[in-house]
Amino acid sequence: MTETTSNAGSVHTESAVAGTRTALRTCPLCEAGCGLEITIKDEQVTRIRGDRDDVFSHGFICPKGSTLKQLHEDPDRLRMPLIKRDGEHVEVEWDEAWAEVHRGLAGVIERHGRGAIASYNGNPSAHSLSAITFARMLSRSIGTRHHYSASTVDQMPRQVAAAYIFGTPLSVPVPDLDRTDYLMILGANPYASNGSLCTAPDFPGRIEAIRARGGKLVVVDPRRSRTAEEADEWLAIRPGSDALFLMAIVNVLFADGLADPGASVEAVLNGLDELRELSLSFTPEAVASATGLDSSTTRRIAHELAGAPTATVYARIGTTTTEFGTTASWMVDAVNILTGNLDRPGGAMFAMPVAGGASTKGPSGTGKGFQIGRGHTRVRHLPEVMGEYPAAALADEILEPGDGRVRALVTVAGNPVLSTPNSNRLATALEDLDFMVSVDIYLNETTRHADVILPPPSQLQRSHYDVLLLQFAVRNVANYSPPALAIQDGQPDEWEILAKLAMLLQRAGTDADPADADPADADAEAIAALVDHAVNDDCSPIHGRDPEEILAMLSAGDRRGPERMLDLMLRTGPFGDAFGANPDGANLQLLIDNPHGVDFGPLEPRLPEILRTPSGRIELAAPELVADVPRLHGAISRLSGQAMVLVGRRHLRSNNSWMHNIEVLVKGKPRCSLHVHPDDAAELGLVHGGYAKVTSRVGSVEAPVEVTDSIRPGVVSLPHGWGHGVEGTRLRVAAERAGVNSNVLTDHNAMDPLSGTSVLNGIPVTVEALGTR
Ligand SMILES: Nc1nc2c(c(=O)[nH]1)N[C@H]1C(S)=C(S)[C@@H](COP(=O)(O)OP(=O)(O)OC[C@H]3O[C@@H](n4cnc5c(=O)[nH]c(N)nc54)[C@H](O)[C@@H]3O)O[C@H]1N2
Ligand SMILES: Nc1nc2c(c(=O)[nH]1)N[C@H]1C(S)=C(S)[C@@H](COP(=O)(O)OP(=O)(O)OC[C@H]3O[C@@H](n4cnc5c(=O)[nH]c(N)nc54)[C@H](O)[C@@H]3O)O[C@H]1N2
Ligand code: SF4
Ligand SMILES: [Mo]
């Protein structure tokens, strides 16, 4: 296999102590992307701390960042492929694993055709340079529409709204944290999560700076989260009602003559009058019983947002994973626009991604716009969105007999058995498959169903650049890290695994020998196609150049794989060197020479250049969004009468479902507990430290109770990603603090129809006391 770690030593500084060196590496665990300084002695990591010279994170790190060492050393982390034999996973050599993958896929294709293969991509693939550059090759090679991912249990609504309004699913405005005077956060808890769709290392510090300079923080959350505790004001909203609250703010902005987008935005704004019409009936009084927020508060907040020198509204998972996720995201943009805060410092701005930004491609100011529904799921007829189907539809597609039934599954960095709705049903479905292959570092609740597991090297053995997440950064920065530790002999890099899997999928059904599929060939083909595309694209800065010359420049020093592709993205990006045309511009060498990152400055206004709508204007009342407003109306009375509902929460020392095998992170008080308000506890006979049975339409779990006034009455909270200790998994630490899986309770039928995203917050439940144990 191709060796891609050849430049690993280039930024390492040898210290005075013999055999000791320092490596710099961006943390890949969450969206903050903190710079890490890693001390390595005799090829063992001895210390990880924040890189004080990192241009973006300035030394900030959370408790998870330093555990990349424990993750690397975790004896349960897979180093060799596993094959399931007689129901048990056994270690095998790579060649044997590949032969098994080839056999398995070929068998399914022979019996059922290509339409029977599906893929699921999980969250860590959004942070992996290998996956960013090669996962597309893999999904194309599958040759079906059956793509599923964690996006439809996460941010898809935010992307769909942005796509209709601004033209691409990556044109998502981010709150200009460092310059704003007023920040309103809905459904996000950056003190635990460190932010999402807002790449901002030390988000908490940036929030504290707002208050230190005399600004205001308002947090809208049914829980008094850690972030709410730091806020000037906490609004304990009823789960699922954020779209109504924001619509009421829009109503007030129009009614009280406060709506003023500003001249430059207004010059490219469609739909202002339609939005005014739409908002008429959503007065603060009309929605008050549904949101649980009194009308005077809503009015005051609208006036504060309009009156602040600058203000920005930011909303995340507590608003996107609800039945009105897309509408809530639309309303966030609407409020930012109407208060004159879109595209200006201190408001909501667009990043200018240094590499690979969708919003920097194609003709500026206009584009094809956005459509969904190129294909529908077989069973529930749910539309395709951004090239994928809802994760919550996967189990149906496997279990329901008939033509086109899914019979094989490829998972990459995903744990859908803990992360997607009605997970018991999905576990049953996975057992029913003819063949499953997983690219993953653990034998866990999902991969235990796989016939073959292909483990990539550890995070510290791989290079890094956040192609995706830097598209949502609060500054324009670029930071590349080479691998900190060398890859073991014979261990393929993650991109090589993905490329080879793609090749086997393409060749399945032919009599090609799997041993002949060399990732280097797929890489060569892919880069040639990318270069060809760039020189033929009249919007590219290298339009008309000689592809051979470009390819030779990219391949200098034997650069290959993700690094070579990243170099192309950097050089053809908005700050790029355009292969000599702009000699001081960015390229990979610049980033290698600047291992603490390169700062390209604060966000700058990007209107109208950023727009990619067919009209070349902001579509504030896109017909697809408008068509769903009657459904929002219909929810007012239902939400007003809502009984007990379940929401989630995150903890700083946890990371979705997969960092629970790291002792230093999970030790201490069990985190997977049910938060209950004292009034509800009294009424239901629940006691602190006792157990409760929580039941929804689709399932039930038993969890320890924590009585706390930090939650709104009528709401209980359980974190997701737990429920370990299942037979056939190999997560010894996690099994000791197994917790329960909250997605046993979430309903696969409940979704935001505009984006196919599951409702994970505001789940109707009943809660019964079980006594103490
Ligand atoms: N109820 C409820 N459910 C939720 C949420 C919620 O708030 N509430 N949140 C949702 C959100 S936002 C998300 S993003 C999803 C996450 O859902 P998923 O992406 O499905 O799950 P993760 O827990 O991130 O699991 C990541 C998997 O990748 C593996 N892994 C880790 N690093 C690597 C790597 O470098 N390479 C490879 N190949 N594998 C790796 C891990 O072992 C694990 O199996 O969960 C969603 N589910
Ligand atoms: N430590 C840690 N960090 C993480 C992760 C992790 O698992 N652990 N996961 C990463 C991932 S994949 C993501 S996507 C991000 C997510 O980052 P965030 O969006 O900040 O996610 P949470 O911390 O879960 O905060 C969501 C908040 O929404 C609230 N909420 C629930 N329902 C509603 C509602 O209907 N309305 C409103 N207004 N609020 C509601 C919850 O009480 C909770 O406080 O975090 C990332 N960072
Ligand atoms: S905040 Fe996120 S990126 Fe920073 S150290 Fe923690 S897990 Fe890593
Ligand atoms: Mo996520």
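Here are some questions and answers about the sheets, cores and a ligand shell of this predicted model.

User: Happy to start with the four-stranded open sheet: which strands stand at its edges, and why is one side of each left without a neighbour?

Analyst: The order in this sheet is S12-S11-S10-S14, and the pairing is parallel. The two edge strands each have a single partner strand, so one side of each has no neighbour in the sheet. Those edge strands are S12 (233-235) and S14 (312-315).

User: Which residue in S12 does Val218 stand opposite?

Analyst: Let's look at strand S11 (residues 216-220), which pairs with S12 in the parallel sense over three bridges. In S12, the residue opposite Val218 is Glu233.

User: At about what angle does helix H8 run to S10?

Analyst: Helix H8 covers residues 242-255 and lies across S10 (182-186), S11, S12 and S14. These strands make up the open sheet with the order S12-S11-S10-S14. Relative to S10, the helix runs at about 150°.

User: Now the seven-stranded open sheet: which strands stand at the edges there?

Analyst: This sheet has mixed pairing and the order S6-S5-S18-S17-S16-S7-S8. Each edge strand has a single partner strand, so one of its sides lacks a neighbour in the sheet. The edges are S6 (88-91) and S8 (147-149).

User: Which residue in S8 stands opposite Ser119?

Analyst: Strand S7 (residues 117-121) and S8 run parallel and are joined by three bridges. Opposite Ser119, S8 places His147.

User: Which helix gives the largest share of the largest nonpolar core?

Analyst: That core holds 86 residues, and those touching the most other members are Val101, Ile117, Leu454, Tyr465, Leu501 and Leu566. One helix, spanning residues 494-507, supplies nine residues to the core. It also lies across S7, S16 (408-412), S17 (435-439) and S18 (452-454), at about 155° to S17. The helix with the largest share is H18.

User: How many residues are in the second, separate core?

Analyst: Among the members of this second core are Met331, Leu342, Ala351 and Leu632. It is separate from the core of 86 residues. Its own count is 79 residues.

User: And around ligand 3, how many residues of the shell are nonpolar?

Analyst: The residues around ligand 3 include Cys27, Cys30, Cys34 and Cys62, along with Leu29, Ala32 and Ile61. Lys64, Gly33, Gly65 and Asn194 are there too. By class, the shell has one charged residue and three polar ones, and the nonpolar residues number seven.

Methods:
Residues numbered from 1 in each chain as written. Chains lettered and ligands numbered in written order. Predicted model: local features only at pLDDT ≥ 70, side-chain atom pairs only at ≥ 80, totals over all residues. Heavy atoms only, no water. Pairing = 2+ DSSP bridges. Contact = heavy atoms within 4.5 Å. Axes fitted to C-alpha atoms, helices over the stretch in contact; angles between N-to-C directions. Near = heavy atom within 4 Å. Nonpolar A, V, L, I, M, F, W, Y, C, P; charged D, E, K, R; others polar. Core = buried A, V, L, I, M, F, W, Y, C linked by side-chain atoms within 4.5 Å. Buried < 20%, exposed > 50% of the residue type's maximum accessible area, 1.4 Å probe, protein only.
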